[in-house]
Amino acid sequence: MTARPDRRERERRGGRSAVSGVAWRKRWRVPERYRTRSTARPEGGGRTAGWDAPAPIRQWPLLVVLATTLAGLLLTLADFRVGLLVVGCGLLAGAALRAWLPAVGMLAVRSRFTDIVTYGLLGTVVVLLTLMAEPSPWLEVPFLNDILRFSVD
């Protein structure tokens with residue numbers, strides 16, 4: 001009675017396990033110089049405090065943005081404009097923190113430039129749309145009213 005070959009031996013021979021995903025790796029092999037070794041941490045993604053500090057202290061920029069956003073969402077239950085303004089300001093604060101602090105922990109998702117543009121653009125859009133919300137908008141932009149009337153008519 002012969003022993004069954006182990007998984008590596010079957011893959012080497014092109015056995016049943018080769019169908020499950022090993023065969024394509026041999027065909028589509030990426031050259032060694034282009035292979036990803038590890039994922040790079042985003043620029044500024046280091047901790048804001050050392051290992052001896054508790055986790056909330058190490059990640060305070062992210063917690064500030066999340067707490068502001070949560071407070072804004074809770075405020076929308078009372079007054080939607082004020083709550084959404086707080087949400088937009090929280091995103092703008094995230095852009096400001098990302099721009100001025102050298103290390104922001106988990107608030108750094110992509111490159112510094114991309115994070116600043118993303119947080120800033122989303123925060124600006126939320127604030128502007130909140131100010132222009134009906135009924136009785138706090139901010140009226142005439143060309144946007146014309147575009148809306150043109151698209152609806």
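A salt bridge, as I use the term in this notebook, is a side-chain nitrogen of Lys or Arg within 4 Å of a carboxyl oxygen of Asp or Glu.

**Entry 1: ground rules**

I am working on a predicted model, where local features need pLDDT of at least 70, side-chain atom pairs count only at pLDDT 80 or more, and totals for chains, interfaces and linings use all residues. Residues are numbered from 1 along each chain as its sequence is written, and side-chain values use heavy atoms, with hydrogens and water left out.

**Entry 2: the overall picture**

I looked up the secondary structure and found seven helices and zero strands. From the N terminus, the order of elements reads α-α-α-α-α-α-α. For the record, helices (H or I, at least four residues) and strands (E, at least two) are DSSP runs, numbered from the N terminus.

Next I checked burial. Of the protein's 153 residues, 26% count as buried. My cut-offs are under 20% relative accessible area for buried, over 50% for exposed, and partly exposed in between (1.4 Å probe, protein chains only). The exposed surface of the protein comes to about 11500 Å², with carbon and sulfur atoms supplying 66% of it. These areas come from the Shrake-Rupley method with a 1.4 Å probe, and for residues only the protein chains shown count as cover.

I also looked at contacts, meaning heavy atoms within 4.5 Å. Among contacts in the protein with a separation of 6 or more, 53% are between residues 24 or more positions apart.

**Entry 3: salt bridges**

How many salt bridges does a search of the whole structure find? It finds two. A friendly reminder to myself: side chains of opposite charge can pair when their charged atoms come close.

One bridge joins the side chains of Arg98 and Asp115, at 2.8 Å from N to O. This pair links distant parts of the chain, with Arg98 in helix α5 (residues 80-100), Asp115 in helix α6, and their positions 17 residues apart. Both Arg98 and Asp115 are buried.

Arg110 also forms a salt bridge with Asp115, and here the closest N and O atoms are 3.1 Å apart. Is Arg110 buried or partly exposed? Arg110 counts as partly exposed because its relative accessibility is 34%. Asp115 sits at 0% relative accessibility, so Asp115 counts as buried. Through shared partners, the salt bridges join Arg98, Arg110 and Asp115 into one network.

**Entry 4: α4 against α5**

I then turned to helix packing. Helix α4 (residues 60-75) packs with α5 at an angle of about 170 degrees, and their axes are 6 Å apart. That angle is why I list α4 as roughly antiparallel to α5. Axes here are lines fitted to C-alpha atoms, for helices over the stretch in contact, and angles run from 0 to 180 degrees between N-to-C directions. Angles under 35 degrees count as roughly parallel, over 145 as roughly antiparallel, 65 to 115 as roughly perpendicular and the rest as oblique.

Which residues meet? On the α4 side I noted Trp60, Pro61, Val65, Thr68, Thr69, Gly72, Leu73 and Leu75, which meet Val82, Gly83, Leu84, Val86, Val87, Gly90, Gly94 and Leu97 in α5.

**Entry 5: around Ala93 and Gly120**

Ala93 lies in helix α5 and, at 30% relative accessibility, counts as partly exposed. Ala93 and Pro61 are 32 residues apart in sequence, and their C-alpha atoms are 9.3 Å apart in space.

On the α6 side I picked Gly120. Gly120 counts as buried because its relative accessibility is 15%. Gly120 and Ala93 are 27 residues apart in sequence and 8.4 Å apart in space, C-alpha to C-alpha. Leaving aside neighbours within four places in sequence, I find Gly120 in contact with Leu92 and Ala95.

**Entry 6: a nonpolar patch**

Val117 belongs to helix α6 (residues 112-131) and is partly exposed, with a relative accessible area of 39%. From Val117 to Leu92 is 25 residues in sequence and 9.9 Å in space, C-alpha to C-alpha.

Phe113, Val117, Leu121, Val125 and Leu129 form a nonpolar patch on the surface, with about 510 Å² of accessible area together. Patches are made of residues with over 30% relative accessible area and no salt bridge; like charges are joined within 9 Å, nonpolar side chains (Val, Leu, Ile, Met, Phe, Trp, Tyr) within 5 Å.

**Entry 7: a backbone oddity**

Most residues other than glycine have a negative phi. Ser136 is not a glycine, yet has a positive phi of about 45 degrees. Ser136 lies in the loop between α6 and α7 (142-152), and is exposed, with a relative accessible area of 55%.
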